[in-house]
Each structure stands twice: as C-alpha cells, then as structure tokens.
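Biologist: I'm new to this one, so could you walk me through it? Let's just trade questions and answers.

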Amino acid sequence: MMLHDQQFISFAEATAPLFVGVGVAETGLTVGVLDDRGLPLSWGVVLPGTLDCLEDVLRRTHKAVAEVMRQADAPAGAVARVGLALPGTVDSFFGKLTDVADPSDDGKKSLCERSAAVCKLPVSLANDAVAAAFGESWVGAGRSLSSLVLLMLDARIGCGVIFGDASIDGLGSHGVDAAHMIIQYGPQAPLCPCGQRGHLQAYLSPDAVADRVRQSLAGGRASPLAGRLDQGQAATLDLLAQGANAGDPVSLEIIAEMARYLAVGIVNLMNTLDPDGVLLSGAMTFGGSSTPLGRQFLQWVKEEVARRAFATLAEHTVIDFAALGSDAVCYGAAGIARADHRRRTARR
Ligand SMILES: [Zn+2]
C-alpha cells in the first residue's frame with residue numbers, strides 16, 4: 001500500500017521506537033503508526049462520531065490505536081508514545097482543552113493523564129493545525145526548513161508555527177491563530193465569524209467567497225457564474241475554479257483578490273516571525289501544485305508578498321504548497337509524541 005508516495009514498511013524494517021499519531025475530526029479518527037524516522041507501518045481512517053464527549057473520543061482512540069497496531073503486526077510495547085491532535089485550542093502545557101466540551105474534567109487529573117489512562121500509553125496533546133505544521137516540518141514539504149508557518153486554508157483557517165522541533169503557540173496556546181489577524185479595520189471591513197471585523201478569515205472562507213461573487217454580480221458584471229447561481233448552485237470554490245479554468249475574468253479576479261489578502265497575512269507573519277518558509281494547504285489552494293490554477297494562485301501570492309515584504313525577507317522566505325495533505329495532522333501528532341519522548345528520555 002502507498003500513502004502519499006510513501007511505501008508502508010514492515011515491523012521488521014522499522015527503527016525503534018514506534019509512535020502513533022491520531023488526528024481527531026468530525027469525519028473520523030485518522031490513526032497512523034510511524035517508526036522513529038517517520039516511516040509509516042500502518043494507517044487507518046476509522047470510527048466517525050461527534051466530538052461532544054471527550055471520554056468517548058478517548059475510548060474510540062484507544063480502540064483505533066489497537067486496530068492499527070494489529071494491522072502493523074506491532075506489539076503494544078513497541079510504541080513509546082501516542083500523539084493526539086484535536087481541533088480547537090489545546091493548552092499543551094497544562095494538557096487541557098479550552099474549546100472542546102470536557103464535562104468529565106474534575107480538575108484533579110490533567111487531560112494527558114486521563115488520555116494515558118484510557119489509551120494505556122503515554123499521550124501528548126496538540127491542536128490539529130499545529131500537528132499538521134509539525135508533520136510537514138518532520139517529513140513533508142518543510143523537511144529542509146529550520147522553521148515554518150503552515151496555513152491550512154479550509155472552511156476554517158488553521159495555522160501552525162514550528163521552530164526547530166517546538167511549536168510556537170504562546171502561554172494559552174492561542175498564539176498561532178492567524179485566522180484572526182487583522183487585515184483591515186474600521187466599520188467597512190467584513191465581519192469575521194468570530195464577531196470582529198476585518199480578520200483574515202473574513203476574506204478567505206467559502207462564505208466570504210460566495211458573498212464576493214454575489215457582490216460582483218450585483219455590480220452588473222457579466223459572468224457565466226451568474227447563470228450557474230441562477231440554476232441554484234452555491235457559489236462554492238469549485239464553481240469559482242470552474243469559472244477561472246474557463247477563462248471567466250470575474251472568477252479570476254476574485255481568486256487573485258483572495259491571493260492578495262492571503263499575501264497580506266503572510267507578510268504580517270514574515271515581519272513578526274521571520275520563518276524559513278510559509279506552506280499552504282487546504283481547499284483554498286485550488287488543487288495546489290497539481291493544477292494550473294493552483295500554481296497561478298501561488299504565483300499571485302508570491303507576487304503580492306514580493307511587493308509588500310522587506311526585500312531580504314521576500315528573497316529568503318520559501319512560499320510553497322504543503323506536501324502531506326490531510327495526513328499531515330497524523331504524521332505531526334506522531335512527530336510531537338516523538339519530540340516529547342526524546343525530551344523526556346534526554347532528561348533522565
Ligand atoms: Zn475573527
């Protein structure tokens with residue numbers, strides 16, 4: 001079997017110890033077993049369910065981990081640590097969740113301790129976007145970069161910042177919420193789902209794009225998008241991409257505008273963090289490097305960054321697509337578990 005051009009290795013070929021990465025989402029748990037070099041032994045997407053109850057998520061995680069371990073023919077003792085990546089704000093220092101409902105939190109045991117008790121293995125926690133950034137840094141498009149910012153451009157913008165083998169996310173783990181950096185202020189700026197105005201998310205969500213299409217058409221612009229909207233099709237990213245691919249100037253204009261807003265956000269990140277690279281993933285990359293439109297989108301982003309950033313930053317900062325897609329979360333969760341394991345064993 002292949003995973004992102006990566007051949008699965010057997011337990012005999014693996015370099016000890018092993019790490020398990022778990023990415024938790026509404027669509028299910030993605031679980032992977034990786035060796036010490038980040039090579040996969042087994043992978044599975046299992047057990048969809050709600051994220052309403054943390055104890056339930058943990059029980060499903062335990063079951064899923066046992067299943068991929070069985071597929072990998074790996075004994076339980078071969079795994080040094082599990083990395084659990086969750087949506088929302090994860091206070092990795094104190095091992096607490098601040099967004100996902102956690103009704104069973106009695107304050108006596110940290111989430112890490114409770115996870116470890118259910119999974120019967122030591123557990124490290126991370127936010128899913130931070131984990132994805134770590135995955136790209138460890139075995140993905142950021143392998144040769146010493147520091148990177150990953151922007152996951154889906155319905156919700158996720159962001160992870162990795163310097164060396166550490167994520168930079170601040171005291172309360174709110175420090176990398178690039179979705180809510182301010183691009184414009186004032187009463188005219190569009191409303192962000194968070195209730196504030198002018199945030200990056202307010203320009204780069206499917207809803208924002210749909211609004212922008214409607215605005216353009218209401219202004220009297222001729223576009224094949226109008227007919228499609230009249231037929232009841234939602235102004236989704238796919239529709240916009242189809243328009244752009246057919247040469248529709250309105251679609252191309254809106255995508256170029258999205259690239260410019262994204263570039264403003266990227267320049268803010270470059271000016272404050274000066275990372276080696278900024279990587280982009282998600283639906284709003286229009287297919288990434290595998291489509292002409294994706295490559296054009298990246299080109300527009302780079303051109304706007306070059307116009308706005310300090311010359312030296314524009315010159316040395318790599319801006320590119322991420323490589324691991326949605327598997328990055330799982331790779332990174334295992335990678336964060338590995339980094340934790342190494343820190344703990346080095347201290348002994
Ligand atoms: Zn916001």
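Modeller: Sure, one definition to start: two strands pair if DSSP finds at least two bridges between them. Strands (E, at least two residues) and helices (H or I, at least four) are DSSP runs, numbered from the N terminus. This is a predicted model, where local features need pLDDT of at least 70, side-chain atom pairs count only at pLDDT 80 or more, and totals for chains, interfaces and linings use all residues. Residues are numbered from 1 along each chain as its sequence is written, and side-chain values use heavy atoms, with hydrogens and water left out.

Biologist: Which strand is joined to β3 by six bridges?

Modeller: Start from β3, residues 18–25. One facing pair is G23 opposite A85. The two strands run parallel, and the partner, at residues 79–86, is β6.

Biologist: And how many bridges join β3 to β4?

Modeller: β4 covers residues 28–34 and runs antiparallel to β3. A hairpin through two residues joins them. F19 faces L34, and V22 has V31 as its bridge partner. The number of bridges between β3 and β4 is seven.

Biologist: What is the strand order in the open sheet?

Modeller: The sheet has five strands with mixed pairing. β5 (40–46) and β9 (123–127) each have a single partner strand, so one side of each is left without a neighbour in the sheet. That puts β5 and β9 at the edges, and the order is β5-β4-β3-β6-β9.

Biologist: How many residues of β3 are buried?

Modeller: Buried means under 20% relative accessible area, exposed means over 50%, and partly exposed is in between (1.4 Å probe, protein chains only). By that scale β3 is mostly covered. Of its eight residues, the number buried is seven.

Biologist: Which residues are the protein donors of the zinc ion?

Modeller: Donors are N, O and S atoms within 2.8 Å of the metal (3.2 Å for Na, K and Ca), and water is not among the atoms, so sites may look incomplete. Here they lie 2.0 to 2.3 Å from the zinc ion, with the spacing H-x11-C-x1-C-x4-H along the chain. They bind through ND1 or SG atoms, and they are H180, C192, C194 and H199.

Biologist: What geometry does the site of the zinc ion have?

Modeller: Four donors count as tetrahedral if all angles lie between 85 and 135 degrees; four count as square planar and six as octahedral if opposite donors are over 155 degrees apart and all others between 65 and 115; anything else is irregular. The angles among the four donor atoms are 100 to 120 degrees. The site is therefore tetrahedral.

Biologist: Is C192 buried or exposed?

Modeller: Take H180 for contrast: its relative accessible area is 30%, so H180 is partly exposed. C192 has 3% relative accessibility, so C192 is buried.

Biologist: Which residue does a cis peptide bond join to A16?

Modeller: Omega of this bond is about -5 degrees. The partner lies in the loop between β2 (6–7) and β3. That residue is P17.

Biologist: Is D73 buried or exposed?

Modeller: D73 sits in the loop between α1 (54–71) and β6. Its phi is near 60 degrees, a positive value in a residue other than glycine. With a relative accessible area of 64%, D73 is exposed.
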